[in-house]
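The following exercises are to be worked with the sequence and the 3D structure at hand. Each task is followed by a solution in steps.

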Amino acid sequence: MFIKTKNNTKINLSDIPVLKIGELREEIIKENKRPVAFFGKDWGNGRVRLFVVLDNAPELLVSSALFEADEKSYECITNAIPAFHIFEREFYEQFGIKPLNHPWLKPVRLNQDEYEFFEMKGEEVHQVAVGPIHAGVIEPGHFRFMCNGEAVYHLEIMLGYQHRGVEDLMIKSPSNQLAESICGDSVIAYNTAYSQVMEILKDIKVSDKAQLIRKACLEMERAAIHIGDLGAIAGDIAYLMGASVFGATRTLVINTMLEFCGSRFGRGMVTVGGVDYDISEEMISKALKTFEKVEKDVDRMTQTMLKNSTVMSRLEKTGTVSQERAQEAGLVGMAARACGVDLDSRFDFPDKWNEELDIHKKPFHASGDVNSRFKLRYKEIKQSFSIIRKVFEKLSQYKNEPLFVQGGENAKDAFVISIVEGWRGEIVHIAMTDAAGNISRYKIKDPSFNNWYGLALAVRNNGVSDFPLCNKSHNLSYCGNDL
Amino acid sequence: MFDTLKSRIFQGNQFIKDIKNAPMRDQFRGFPILKEGVEVCDESVCPTGALKTNPLTIDMGKCTFCGACQKISPLQGRGCHEVTGEGSAVTFTNGYKLASTDRDKLIVTPQSNYEDYVKSAVEVKKEIVKMFGHSLKLRQVSAAGCNGCEMELNACSNVNFDMGRFGIDFVASPRHADGIVITGPISKHMAYALEDCYKSVPNPKLVILCGACAISGGVFQNSTELNREFLDKYPIDLYIPGCPVHPLTFINGVLSYISK
């Protein structure tokens, strides 16, 4: 019993089937699909309604179950489909309904003090604890390595330090500026997802021109971060030449973004109803020249690095996650693609532009290690620039279209999903409205929510000193996870 | 090796030579200029309550520099027909030297202008210059920051901005630091770690608030998950506005404070 829907489509709340949790569980296990979202909503009188969205690309399957006030537990799904593990942990944390026999009901964001970490015992065994404040200028999180000498047996990751109550704020005072600040390294992706949700609720048809500008900016964001991360990986293996060159090259891309919209990270560009800034022809020709130089620099530096044996000895076979494990753990986005799990919502849930701009998925030979993530980033940078060029070319056809369209009232009793492929992976925003059209639940899922466990898998049997490399090659978000 | 050398030659020198007078692109939204007696948009367009219309002021400690208030259009200020100069009450200039030692100075009025602000915003103290003028090592604490300010602070040390040449660096241990730089609105879960870190820094020490979130809570100011008691307990030395803070804003702010 699922209702089929598509990305960026509205469905009526009343059309979503309401099952008993036992039935829903069986249906989910029968479908055996990847969860896109699995979350609860307070349904009044102590009741909780659980919504589940499954990936049935290019469609989405939606269903729900209602927990009466006295139903406080259910048989967990994780044992049948492990990818549900983090979703069920979150659901338990937010609504207190316990998934029975869940293998690892660790807190996701709250009650960090009450959790008892795994411990290994033995003569040569020791623990290394790091954080929440880390050595560099990065976000907070607590890592605990269980080691035997230099080798890491297991890494436990404790997050939640960044928790700002974003989902509640999105109900109380939603704004584009708040959406941009949920995860400040994926400004365009988050803001686009939020704007698309609001546009569907308000029945706004965004102009082709605005859609194309959003697309170009999204790919610029992807390229800029990937270039920065290539530099960060180079820095972590003490290959300073790479760190400097990629760092300087990234600056060119984000400064182009500054010319477009006044912010290096694209703040202020996307708004509900369209975009706030036009990209003129002079800007485009200047940007194209810059990107040509950027691509040359990235090509040259990447090839230099990949030819260097001391670089390769650090990247190859470090932090490997197998395809089976990645699939099982439910990894998404770039981290999954680097392991050979082919998930990319740009192509799985395509919009009309893929066809019109002739954009296709490109095959990637994945090996799951740092080297694979390094090369995938390089490949995606190239692909992003090729998409940007196509978008800029197409943009000239829509000169006279408006940038911004005004909308009406929110739809009532609606359920809207918007999935945007940020540079880390799928960013899922879901909004529900009540009978008056007010937003009654706003759910956000960052790709890092799925992928943090992938990092824990990656460091197993690696040296502690390779942790920075595993970490940077994933570059996961703390604030996107903690919300 | 020859490839590496070739790459080096292609790159040339990347650093900004004169960081105090570095040119900024016109599109950058920095110091706001306010004008009385013209149509002003509704206070509600401001996502953080930085804009007050009676009397007309903008609090740069709250401002995200989103530019929503400088657009006045038939579409309730959310359109794209920018009215700048004559018609608009608010104009964001590309002035990027926004740091101040005084929280109240961050509030811009129609009488404020950028040149005077730059001259008076940072109060230079002799003992600070003597103590930290040659070398300033900072420990950054991200207390629920969105990674925007963190990325820009990292950029301060890259080859373009090269903050290290002024003796200013980010260090790993608070024991090695002369002060802390706080980003983010300070979540409940980070309150303890932040205070612990501050206490670990040897005296005398500085506290620098970096970005709208740290200074005022920014877009998260109404969140119930924050604990900002730290800011009431300890003195704040420098406020650096921005969302996120531009590297030039940060470097110039710190440089003017230690009077380099």
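The model is a predicted one.

**Exercise 1. Classify Ile439(A) as buried, partly exposed or exposed, and describe its surroundings.**

Solution.
Step 1. Count the neighbours: 19 C-beta atoms lie inside 10 Å of Ile439(A).
Step 2. Apply the cut-off: a residue is buried with 20 or more such neighbours and exposed with 12 or fewer. Because its count is 19, Ile439(A) is classed as partly exposed.
Step 3. Place the residue: Ile439(A) belongs to strand β16 of chain A, which covers residues 439–445.
Step 4. List the contacts. Leaving aside residues up to four places away in sequence, Ile439(A) touches Ile171(A), Pro174(A), Ala431(A) and Thr433(A).
Step 5. Compare with Leu159(A): 280 residues along the chain lie between the positions of Leu159(A) and Ile439(A), and their C-alpha atoms are 28 Å apart.

**Exercise 2. Describe how helices α5(A) and α6(A) pack on each other.**

Solution.
Step 1. Choose the quantities. Two packed helices are described by the distance between their axes and the angle between them.
Step 2. Read off the geometry: the axes of α5 (residues 187–201) and α6 (residues 208–236) of chain A come within 8 Å and cross at roughly 145°.
Step 3. Identify the residues. From α5(A) come Val187(A), Ile188(A), Ala189(A) and Thr192(A), and they meet Arg214(A), Cys217(A), Leu218(A) and Glu221(A) of α6(A).
Step 4. Sort them by class: this contact comprises 5 nonpolar, 1 polar and 2 charged residues.

**Exercise 3. Characterise the contact between the two domains of chain A.**

Solution.
Step 1. Set the bounds: the domain assignment gives domain 1 as 3–100 and domain 2 as 176–444 of chain A.
Step 2. Locate the centres, which are separated by 29 Å over C-alpha atoms.
Step 3. Count the residues: domain 1 of chain A and domain 2 of chain A each bring 21 residues to the contact.
Step 4. Find the elements on the side of domain 1. Strands β2 (9–12) and β4 (35–42) of chain A each give two or more residues to this side, and β4(A) gives the most, with 5 residues.
Step 5. Sort by class: the side of domain 1 that touches domain 2 in chain A holds 13 nonpolar, 5 polar and 3 charged residues.

**Exercise 4. Which elements of chain A supply the side that touches chain B?**

Solution.
Step 1. Establish the extent: the contact joins 48 residues of chain A to 50 residues of chain B.
Step 2. Name the elements. At least two residues each come from α3 (166–172), α4 (176–182), α7 (240–261) and α8 (281–307) of chain A.
Step 3. Rank them: α7(A) has the largest share, 8 residues.
Step 4. Sort by class: this side of chain A has 20 nonpolar, 19 polar and 9 charged residues.

**Exercise 5. Determine the strand order and the edges of the parallel sheet in chain B.**

Solution.
Step 1. Write the order: 5 strands form an open sheet, β7-β6-β8-β9-β10 of chain B, with parallel pairing.
Step 2. Find the edges. β7 (168–170) and β10 (238–240) of chain B have a single partner strand each, so one side of each lacks a neighbour in the sheet.
Step 3. Give the twist: on average, neighbouring strands are turned by 25° against each other, direction ignored.
Step 4. Examine one pair. β9 (residues 206–210) and β10 of chain B pair in the parallel sense over 3 bridges; Cys210(B) has Ile240(B) in β10(B) as its bridge partner.
Step 5. Add the helix: α8 (residues 247–257) of chain B packs on this sheet and touches β6 (136–142), β7, β9 and β10 of chain B. The direction of α8(B) makes about 160° with that of β10(B).

**Exercise 6. Analyse the antiparallel sheet of chain B.**

Solution.
Step 1. Write the order: 3 strands, β2-β3-β5 of chain B, form an open antiparallel sheet.
Step 2. Find the edges: β2 (51–53) and β5 (107–108) of chain B each pair on one side only.
Step 3. Examine one pair. β2(B) and β3 (residues 56–59) of chain B pair over 3 bridges in the antiparallel sense, and Lys52(B) stands opposite Thr57(B) in β3(B).

**Exercise 7. Why is chain B judged as compact as a globular protein of its length?**

Solution.
Step 1. Count the elements: chain B has 8 helices and 10 strands.
Step 2. Compare the radii. The radius of gyration of chain B is 19 Å and the globule rule gives 18 Å for 260 residues; the two are close, so chain B is as compact as a globular protein of that length.
Step 3. Add the burial: 48% of the 260 residues in chain B are buried.

Terms used:
Residues are numbered from 1 along each chain as its sequence is written. Chains are lettered from A and ligands numbered from 1 in the order in which they are written. This is a predicted model: local features need pLDDT of at least 70, side-chain atom pairs count only at pLDDT 80 or more; totals for chains, interfaces and linings use all residues. Two residues are in contact if their C-beta atoms, placed from the backbone, lie within 7 Å. Helices (H or I, at least four residues) and strands (E, at least two) are DSSP runs, numbered from the N terminus. Ala, Val, Leu, Ile, Met, Phe, Trp, Tyr, Cys and Pro count as nonpolar, Asp, Glu, Lys and Arg as charged, and the others, Gly among them, as polar. Two strands pair if DSSP finds at least two bridges between them. Axes are lines fitted to C-alpha atoms, for helices over the stretch in contact, and angles run from 0 to 180 degrees between N-to-C directions. The radius of gyration is taken over C-alpha atoms; the globule rule is 2.2 Å times the number of residues to the power 0.38. Domain bounds come from an automatic or database domain assignment.
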